Every structure is written in structure tokens, then in C-alpha cells.
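Student: I am new to this structure. Please take me through the surroundings of the ligand, closely and in one go.

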Amino acid sequence: MAPFIVFEGIDGSGKSTQIELLSQSLIANGHDPLVTQEPDGTPLGEAAGRWLRGYPNLSPVTELLLFEAARAEHVEKVIQPAIEAGRIVLSDRFAPSTMAYQSYGRGLDASIVEDLNRLAADGLKPTLTVFLDAPIEAARSRIEPDSLDVLESQRQEFHQRVRQGYLEMAANNPETWLTIDGTLPVDTIAEQIWARLQPLL
Ligand code: TMP
């Protein structure tokens with residue numbers, strides 16, 4: 001099975017830029033990567049994303065279940081078939097997002113989130129999780145005010161808790177997580193990701 005690479009970080013941490021750069025490097029080296037994202041990686045995920053962005057007062061449990069439903073579809077219909085076909089998969093967000101946002105951020109029980117993550121992922125675990133860490137203020141300055149969605153416009157403390165969640169997950173999983181200072185120059189970050197990826201290719 002081909003590697004499954006997940007990108008994580010708070011909103012505005014620079015994930016999309018790095019995914020694009022990595023995808024280009026992989027293509028230049030003869031690979032055929034599949035770039036995807038959560039929650040929008042399938043038609044059901046896009047519909048869930050519209051609900052999540054359009055309704056400001058969804059309960060945390062509703063949010064959790066929508067993200068997990070989107071993930072179950074994403075894993076079964078998009079990610080698994082691609083890695084089984086030998087394609088490297090780059091996903092903008094995966095299960096750690098739900099732990100960070102719905103458990104650390106919204107306060108839902110971590111063991112329930114963990115169980116639902118496992119169920120939705122059908123046992124699939126990322127080969128590598130690239131965590132782009134950036135202080136809240138740095139990340140927010142990259143987000144256009146007009147594009148702030150419901151979750152992105154939550155209070156600063158919420159994002160602090162989310163960041164803390166990521167830092168703890170990264171510290172607990174040093175072998176499968178790569179933490180990078182998201183305030184470094186874009187090219188430096190891309191080089192660090194590329195170097196870490198080499199043994200996996
Ligand atoms: P995006 O801005 O990277 O497209 O992500 C959409 C928002 O959804 C972002 O604020 C993070 C949030 N999110 C969760 O709260 N839980 C999840 O499980 C996922 C995948 C995303």
C-alpha cells in the first residue's frame with residue numbers, strides 16, 4: 001500500500017500551500033499523488049461541509065457526527081481505493097482534526113471521539129501526519145476576514161485549545177508525526193517535509 005500522508009494544523013497554518021508544493025514535487029519525481037481533503041473529499045462530505053459552514057449553532061455532537069460521516073465516506077470511497085492502487089494520498093485534515101477541534105476545542109469526550117475516529121477510518125492510520133504549528137495570531141493573519149467560516153470565526157481561546165491538542169498528539173506520537181514551525185519560510189517547510197518523506201517513498 002502506498003503512503004497516506006495527512007496534513008494538520010489550525011486554520012491558516014499554511015497546509016494548502018504545502019500540500020500543493022509537495023504534490024508538485026511528487027509529480028516531478030514520477031509519482032501520481034491523490035490530493036484530497038476533509039470534510040469536502042466526497043459529495044457527502046461537501047454536503048456536510050455546507051451544513052457545517054452554514055449553520056452557526058450546530059451542537060458539538062452534530063458537528064462531530066457530520067465530520068465522522070464525511071470521513072467514513074472519504075476513507076471507503078476515496079482514500080482506501082487510491083492507496084490500494086499504489087497512489088500516494090495527501091489529505092488536508094483527517095482524524096486528528098476531530099480530536100483537536102471537537103474534543104480539545106469543543107470539549108467532547110476524548111474516548112468517544114477516538115472510538116468514532118477509529119470506526120470512521122475503518123482502522124486506516126496515516127503513514128505520516130505533518131503538523132504545521134503556528135501561533136494563533138500568525139495563523140489568523142493569513143485568513144481573509146471574508147472567508148472566515150463558522151468554525152474559523154470562533155474565539156481565540158478555542159483555537160488555543162485546538163493548538164494545544166495538536167501539540168499533545170504530536171508529542172505522544174513522535175514516530176508518525178512531523179511537527180514543523182509554520183512561521184518558517186514556505187520553501188524551508190517544503191524542504192523539511194520532502195526530507196522526512198524520502199524513506200517512505
Ligand atoms: P478547512 O478550513 O481546512 O477546509 O476545514 C474546515 C473547518 O472544519 C476547519 O475550521 C477545521 C474544521 N474541522 C473540524 O472541526 N473537525 C474535523 O474533523 C475536520 C476534518 C475539520
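Tutor: Here is the ligand site, followed by the helices beside it and two backbone details.

This is a predicted model: local features need pLDDT of at least 70, side-chain atom pairs count only at pLDDT 80 or more, and totals for chains, interfaces and linings use all residues. Residues are numbered from 1 along each chain as its sequence is written, and side-chain values use heavy atoms, with hydrogens and water left out.

Start with the shell. The ligand is surrounded by 13 residues. A residue belongs here if one of its heavy atoms lies within 4 Å of the ligand. The closest are Asp11, Arg93, Thr98, Tyr101 and Gln102. By class, the shell has three nonpolar, three polar and seven charged residues. Ala, Val, Leu, Ile, Met, Phe, Trp, Tyr, Cys and Pro count as nonpolar, Asp, Glu, Lys and Arg as charged, and the others, Gly among them, as polar.

Now the polar contacts (pairs of N or O atoms within 3.5 Å). Thr98 places a polar side-chain atom 2.6 Å from a ligand oxygen atom. For Arg71, the distance from a polar side-chain atom to a ligand oxygen atom is 3.3 Å. Gln102 has a polar side-chain atom 2.8 Å from a ligand nitrogen atom. On its own, the ligand has 470 Å² of accessible area, and the protein covers 89% of it. Such areas come from the Shrake-Rupley method with a 1.4 Å probe.

Two elements give two or more residues to this shell: helix H3 (60-84) and helix H4 (95-105). H4 gives the most, with four residues. Helices here are DSSP runs (H or I, at least four residues), and strands are E runs of at least two, numbered from the N terminus.

How do H3 and H4 lie? Their axes come within 11 Å and cross at roughly 175°. Axes are lines fitted to C-alpha atoms, for helices over the stretch in contact, and angles run from 0 to 180 degrees between N-to-C directions. H3 is therefore roughly antiparallel to H4, a label for angles over 145 degrees. In H3, Pro60, Glu63, Leu64, Phe67, Glu68 and Arg71 meet Ala95, Thr98 and Gln102 of H4. Contact means heavy atoms within 4.5 Å.

H3 also packs on helix H5 (residues 110-121), with axes within 8 Å that cross at roughly 25°. H3 and H5 are therefore roughly parallel, the label for angles under 35 degrees. Among the H3 residues that meet H5 are Leu64, Glu68 and Arg71. This contact has eight nonpolar, one polar and two charged residues.

Last, the backbone. Most residues other than glycine have a negative phi, and most peptide bonds are trans. Arg93 has a positive phi of about 80°. Arg93 sits in the loop between strand S3 (89-92) and H4. The peptide bond from Glu38 to Pro39 is cis, with omega near 5°.

Conventions: A polar contact is a pair of N or O atoms within 3.5 Å; within protein, one must be able to donate a hydrogen and the other to accept it, and residues adjacent in sequence count only if both atoms are side-chain atoms. Angles under 35 degrees count as roughly parallel, over 145 as roughly antiparallel, 65 to 115 as roughly perpendicular and the rest as oblique.
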